[in-house]
Each structure stands twice: as C-alpha cells, then as structure tokens.
Amino acid sequence: MSTARASRRTATALALIAGLAMTTSCGATVADNAGGSSSTAAEVQVQRCGETVTYRDPRKVIAYEGGSADKMFALGLTDRVLGYVMTPTNPDPATSPYAADYAKVPLLSSDLLNKELVVDKKADMVIAGWNSGFSEKRGITPKILDGLGIASFMHTESCFAYPGHPETMKPLPALYADFERLGKIFHVEDRATAKVNEFKDRMDKVRKTGSELPSKPKVFLYDSGTDQPATAGNQVPVQEIIDAAGGTNIYADLNQRWTKTSWESVVKADPDVIMIMSYRDKPAEEKIAALKANPALAKVAAVKNDKFYVIDYNECISGPRNIDGAEKFGAWLAKNHN
C-alpha cells in the first residue's frame with residue numbers, strides 16, 4: 001500500500017469519526033441506513049418512544065404485521081416496502097383494503113420477526129411495535145438494530161410498555177403521531193397531514209352517531225383464553241373504538257395494553273356486547289361457540305341476547321384500519337343497541 005493512499009484513508013476515517021461525534025453530541029441516536037452515502041440532505045430527526053432518532057431516507061423497509069404495512073401503504077409508500085412479516089394471527093392480506101399493495105410486495109416470513117431475517121434481506125429500516133415484533137427476549141430491539149446501522153420505527157401506541165424511553169399517548173393520537181412521523185421520515189408530510197385530517201373527520205362522525213345511542217352499552221373485548229380471558233385494557237385502539245362508537249369498555253379502568261383478567265370479573269361486569277377479535281388461525285365462530293358453552297357466562301346479558309360483534313384483528317392493532325373498525329362497530333351499535 002502506498003504512503004499517499006494510506007494517508008488519504010486515514011484522513012477519511014478521521015473525518016467520519018469527527019462527523020459522528022458532531023451528530024451524537026446533539027443527543028440523537030443515529031441509524032446509519034444511508035448505504036454509505038455522505039449526503040445529509042435527506043436526514044430528519046424524529047421521536048421514537050421519547051428518544052430523538054436520525055433517519056436517512058429509508059428505501060428497503062420491512063413491515064411487521066398488518067398495522068405496519070398498512071401505514072406505509074396508506075401513505076403511498078408501497079415502493080419503499082421491501083417485504084412484510086405476518087404471522088398466521090393476521091387475516092389474509094387478500095381481504096385487506098390494501099390488498100393491491102400487498103400483492104406488490106413479498107411475504108418474507110410467517111414467523112415472528114427476527115434479526116437474522118432483517119440482516120439477510122439487507123433492510124435499512126424495520127417498522128414494528130414493542131413486544132409486537134421488537135423483543136428483548138428474541139434479540140431484536142431498536143438498540144440492537146441501531147448498532148447494526150438499521151433504522152427502526154416503533155408504533156407510538158406500543159411505547160407505553162417500552163423500557164427506558166416512555167412515551168404515553170392515547171391510541172388514536174398515537175396513530176396520528178405515527179403518520180406525522182412517517183410522513184417526515186419519508187418526506188411525504190402533505191400526504192400524512194391529509195390522512196390524519198381524514199381520520200379525525202371520520203372519527204368525529206363516529207362519535208356523533210355514538211352520542212345518539214339511548215344508553216352506553218357495556219362491551220367486553222374477547223381476544224382468547226379458556227382459564228383466563230385475554231382482553232383489552234385502556235392503552236390499545238379497542239378502547240377508543242368502543243368509546244367513539246358510544247360504548248364502555250368493561251376494563252376501561254385497567255391502565256394496560258393487552259392483558260388477562262378473570263371470568264368472574266366478566267360475569268360481574270355483565271356486558272351487553274361481547275366483541276370477538278377474529279384471527280385467521282382462531283376463527284370467531286369457534287370463540288363464540290366456546291363462550292356460549294361456558295356455563296359461567298350463561299346469565300351474562302350479551303350471551304343471553306346473542307349480542308356478539310366480530311372485529312378484524314387488524315382493526316384492533318395500531319393502524320389505519322382502527323378508523324374502519326370504529327365506523328363498523330358504531331354502525332352496528334346504532335342498529336343493534338336500542
């Protein structure tokens with residue numbers, strides 16, 4: 001190696017170190033997903049669960065589950081999606097409002113999100129939720145990906161349980177924040193603003209219809225479980241869907257996301273409606289049959305009056321289909337609760 005070439009390489013290395021020092025001195029985490037580009041024109045700083053993160057124009061995004069992919073599709077960013085990871089819990093993408101977009105990008109895995117897949121596919125960004133994609137136990141966290149030079153974006157709604165960088169918003173404001181932040185990252189702020197305004201207008205109409213119900217029906221969201229029911233606390237979109245439609249979540253006082261309770265507490269609350277979360281691998285019909293066969297629930301109003309409402313899994317997790325879910329449930333209550 002010539003002395004001149006060695007000197008040039010040394011100078012380049014020192015310049016890179018100096019640049020990194022300048023960036024980190026601002027208190028921002030940097031995910032160097034620019035593919036080696038020295039240009040900073042496309043860099044933006046965005047909040048990620050209370051932490052300021054620098055993003056560099058991602059172009060190879062892996063989306064975990066429907067909520068992540070739907071946010072990208074709703075913003076017209078299908079061409080930035082490298083592929084999606086979707087477990088059998090998710091309903092068939094062919095039934096999605098974004099079916100045409102799903103058809104344009106590959107399913108990378110039907111297993112849980114993992115670091116090896118992300119690295120192997122040479123992704124430059126991952127979108128997922130905390131404990132819904134990102135997981136300390138499975139070795140795929142924003143911190144780990146930052147160290148690999150891969151950006152990560154977490155659903156703001158899921159930050160409620162994120163250790164070290166708490167950021168708490170109600171689920172719908174969190175959804176709006178995600179659109180605004182993704183709009184900034186991908187330089188489509190106008191699209192994001194238009195979408196958020198559309199969502200807010202639609203939710204206002206749902207609330208108006210909900211406010212006209214003769215009374216507020218008590219609603220129990222049934223996710224799964226036999227010994228203990230898995231259900232929704234007040235930190236997930238279902239809470240705001242029920243509220244907007246004019247109902248009351250029987251577990252609205254639980255300051256949690258997804259949680260387990262007891263059948264005794266369900267019986268005591270005596271819900272007027274049981275909302276069934278529908279999975280592809282756990283059909284709603286099977287869940288309804290199991291609830292009807294449970295002798296402990298025989299005197300619960302919803303069971304006696306056959307008031308079961310089926311909600312799509314992707315209407316329950318953070319994503320644009322939360323608005324669809326609220327509209328559908330609101331229309332159902334307006335027709336069936338009198």
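Me: Where does Asp-270 lie?
Reply: In this predicted model, Asp-270 lies in the loop between helix 9 (263-269) and strand 14 (273-278).

Me: Why is Asp-270 called partly exposed?
Reply: Its relative accessible area is 28%. Buried would need a value under 20% and exposed one over 50%, so 28% puts Asp-270 in between, as partly exposed.

Me: What makes the phi of Asp-270 worth a remark?
Reply: The sign. Most residues other than glycine have a negative phi. Asp-270 is not glycine, yet its phi is positive, near 50°.

Me: How do you know that Asp-306 is partly exposed?
Reply: The reasoning runs the same way: the relative accessible area of Asp-306 is 46%, and the partly exposed range lies between 20% and 50%, so the label follows. Asp-306 sits in the loop between helix 11 (301-304) and strand 15 (308-312), and its phi is also positive, near 55°.

Me: Why is strand 14 called mostly covered?
Reply: Here we can simply count: 6 of its 6 residues are buried. Taking the sides in turn, Val-273, Met-275 and Met-277 are buried on one, and Ile-274, Ile-276 and Ser-278 on the other, which leaves both faces covered.

Me: How do you know that strand 10 and strand 14 pair?
Reply: Pairing asks for at least two bridges. Strand 10 (residues 218-222) and strand 14 are joined by 4, and they run parallel, so the pair qualifies. One of the bridges links Phe-220 with Ile-274 of strand 14.

Me: What makes strand 14 and strand 15 a pair?
Reply: The two strands share 5 bridges in the parallel sense. The rule asks for at least two, so this pair counts as well. Among the bridge partners are Met-275 and, in strand 15, Tyr-309.

Me: Why is the link of Cys-49 and Cys-159 called a disulfide?
Reply: Their S to S distance is 1.9 Å. The cut-off is 2.5 Å, so the sulfur atoms meet the rule. By this rule the count comes to 1 disulfide. The angle about the S-S bond is -80°, and the link is left-handed.

Me: What does the pair of Cys-49 and Cys-159 tie together?
Reply: Parts that are 110 residues apart in sequence, because Cys-49 lies in the loop between strand 2 (43-48) and strand 3 (51-56), while Cys-159 lies in the loop between strand 9 (151-154) and helix 6 (171-185).

Me: Why do Cys-49 and Cys-159 count as buried?
Reply: Cys-49 has a relative accessible area of 1%, and Cys-159 has 0%. Buried means under 20%, so both cysteines qualify. Cys-316, at 0%, counts as buried too.

Me: Why is Gln-239 called buried?
Reply: The relative accessible area of Gln-239 is 7%, which is under the 20% cut-off, so the residue is buried. Gln-239 belongs to helix 8 (residues 237-245).

Me: What makes the approach of Gln-239 and Asn-249 a polar contact?
Reply: The two side chains come to 2.9 Å. The rule pairs N or O atoms within 3.5 Å, one able to donate a hydrogen and the other to accept it, so the distance fits. Leaving aside neighbours within four places in sequence, Gln-239 is in contact with Gly-233, Asn-234, Asn-249 and Ala-252.

Conventions: Residues numbered from 1 in each chain as written. Predicted model: local features only at pLDDT ≥ 70, side-chain atom pairs only at ≥ 80, totals over all residues. Heavy atoms only, no water. Buried < 20%, exposed > 50% of the residue type's maximum accessible area, 1.4 Å probe, protein only. Contact = heavy atoms within 4.5 Å.
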